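This report concerns the salt bridges and the nonpolar core of the structure shown below.

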Amino acid sequence: MFEYLKEQKKIIEEIICSRGLAKLRYSIFEGEENKKEEYQVRIEYKESHYEVYTTHERASIVGKYKFDDYESAKNKFLRLLELMVISNRLAVQDGDSPNYPCSLWDN
């Protein structure tokens, strides 16, 4: 992994922790085929651009966004993490099953 990606990963991880989102399923610059899980938010660096997307059942890719700059990709990644919390909280409130067990749905 390039040194600048390590620094960018560290920044994203610090924000995730400060927002209390560390219990979510996410992947930061691990490579598209590595550490893939169902219902995960991912950010990758590929061929001089960033890709942000979520995975669903059987880790299939849903809604891939491409960005030329880190800030836009980072912001989209963090927003998708926040939306994961909101959508699963609403599912629990409505009596539906969340995507996966996580204590963040209970707050």
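## Salt bridges and core

R25 is partly exposed, its relative accessible area being 23% (buried is under 20%, exposed over 50%, partly exposed in between; 1.4 Å probe, protein chains only). The model is predicted: local features need pLDDT of at least 70, side-chain atom pairs count only at pLDDT 80 or more, and totals for chains, interfaces and linings use all residues. Residues are numbered from 1 along each chain as its sequence is written, and side-chain values use heavy atoms, with hydrogens and water left out.

A search of the whole structure gives 11 salt bridges (a side-chain nitrogen of Lys or Arg within 4 Å of a carboxyl oxygen of Asp or Glu). Three pairs are listed here.

| Pair | N to O distance |
|---|---|
| R19 and E82 | 2.7 Å |
| E37 and R25 | 3.7 Å |
| E33 and K36 | 4.0 Å |

R19 lies in the loop between α1 and β1 (26–28) and E82 in helix α2, so their salt bridge ties together parts 63 residues apart in sequence (helices, H or I, at least four residues, and strands, E, at least two, are DSSP runs numbered from the N terminus). R19 is partly exposed at 44%, and E82 is also partly exposed at 25%. A network of salt bridges links E32, K46, E51 and K64.

The largest nonpolar core (buried Ala, Val, Leu, Ile, Met, Phe, Trp, Tyr and Cys residues joined through side-chain atoms within 4.5 Å) has 26 residues, and I43 is one of those touching the most other members. Helix α2 provides the largest share of this core, 8 residues.
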